[in-house]
Amino acid sequence: MVNKITVVGAGNVGATTAQRVAEKELASTVVMVDVVEGIPQGKGLDQWESAPIEGFDSRIVGTNGYDETAESDIVIITAGIARKPGMSRDDLLNTNAGIVKQVAEQIKKSSPNAILIIVSNPLDVMCYVAKQVSGFPRERVLGMAGVLDTARYRSFLAEALDVSVRDIQAMVLGGHGDTMVPLISYTSVSGIPITQLIARDTLDSIITRTRGGGGEIVKHLKTGSAYYAPSAGAVQMAEAIAFDQHRILPCAAWLTGEYGMKDLFLGVPCKLGRRGLERIIEVELTADERAALQKSADAVREPMKAVKL
Ligand code: APR
């Protein structure tokens, strides 16, 4: 358990994240911050009132300012506007960049040693904004996308194979968008290579569905985007950090030469512990996978150039 985890944004992703963090008792204090007056206070109080029933001792507080967030160990940034039907993640670019910039400036002042987990979209570019504005080292700025994309891939595979989701190991790398790279060569069911268990065309359609996983939810919801699985992803990363688990999870991390690329955030296998990013693991890729990762990096660099800092 750490002392304090702040969740910025008390909307669908933020509030669900705060509740999960408290239920798992990852921190003694959970602070939820939002610009809308009353929302973080009301949701925070409602969540705290669930503590006697759920039986957690994490104290949740909601606020519109950053005083209560001081000296947070981990800050999960979910502030921003969510995707509407027909809107791509990149449409969100400059609105959310302005919001993430303002949040990162505040966190830099109030919690200079925090580890940042970014959830706001477009994810890889928002990580870049947070890193540039905070000036934090790459060990302390991570993006949540790969865990979510991999969870979607695993859930679709479990459904198709009629097996437990727990037995599916997989990794989706690259940017959080249509160019993400599910790694077939690292997909297995209790160690059995996936290609031995499923027809190639079924696997291909699952990969296509995974790539459009966020859009599929937006299409159903019409007025917002996914939040149960995204919040679960952010909390899994926070848990790995808070409990120093040394877990290997696909996260957006700042590359400094890994996979032959540098100066951008991209989803890669990361070892997470109490210091944040402990190591990026470079796995062997097929020529196709390497080309797909490069294409995904190109798709991330484009909006990076357009973003105003
Ligand atoms: N500081 C703090 N909170 C802010 C700020 C800000 N500067 N600007 C906006 N917010 C808050 C909004 O008031 C709102 O409560 O962020 C919250 C966003 O909540 P939702 O609209 O419910 O959006 P949500 O579904 O939670 O998605 C948030 O996560 O997955 C991504 O694409 C998604 O970028 C989006 C983000």
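A polar contact here is a pair of N or O atoms within 3.5 Å. Keep that in mind, because three such pairs come up shortly, and the cut-off of 3.5 Å applies to them. The model on the screen is predicted.

I will start with the ligand. One contact involves asparagine 121: a polar atom of its side chain is 2.9 Å from an oxygen atom of the ligand. That distance is within the cut-off of 3.5 Å, so the pair counts as a polar contact. Glutamine 102 has a polar side-chain atom 2.7 Å from a nitrogen atom of the ligand. For aspartate 34, the distance from a polar side-chain atom to a ligand oxygen atom is 2.6 Å. How much of the ligand's accessible area does the protein cover? On its own the ligand has 730 Å² of accessible area, and the protein covers 85% of that.

Next, the surroundings. The ligand sits in the largest pocket. There are 20 residues around the ligand, and those that come nearest are Asn12, Val13, Asp34, Gln102 and Asn121. By type, the shell has ten nonpolar residues, nine polar ones and one charged one. Which helices each supply at least two residues of this shell? They are helix H1, residues 12-23, and helix H4, residues 93-110. H4 gives the largest share, four residues.

Now the chain as a whole. The protein chain contains ten helices and 14 strands. Its radius of gyration is 18 Å, close to the 19 Å from the globule rule for 309 residues, so the chain is as compact as a globular protein of that length. Along the principal axes, the C-alpha trace spans about 55 × 45 × 40 Å.

Two backbone details remain. Asparagine 121, which we met beside the ligand, is joined to proline 122 by a cis peptide bond, with omega near -5 degrees. Proline 122 is in the loop between strand E5, residues 115-118, and helix H5, residues 123-134.

The other detail is histidine 246. This residue is not a glycine, yet its phi is positive, about 55 degrees. Where does histidine 246 lie? It is in the loop between helix H9, residues 228-242, and strand E12, residues 247-256.

Technical notes. Residues numbered from 1 in each chain as written. Predicted model: local features only at pLDDT ≥ 70, side-chain atom pairs only at ≥ 80, totals over all residues. Heavy atoms only, no water. Near = heavy atom within 4 Å. Polar contact = N/O pair within 3.5 Å; in protein donor to acceptor, adjacent residues only side chain to side chain. Areas by Shrake-Rupley, 256 points an atom, 1.4 Å probe, with all protein chains shown as cover. 1 Å grid on protein atoms, 1.4 Å probe; cavity = no way out; pocket = protein on both sides within 12 Å on 5 of 7 lines; lining within 4 Å. Sits in = over half its atoms within 2 Å of the grid points. Nonpolar A, V, L, I, M, F, W, Y, C, P; charged D, E, K, R; others polar. Rg over C-alpha atoms; globule rule 2.2 N^0.38 Å.
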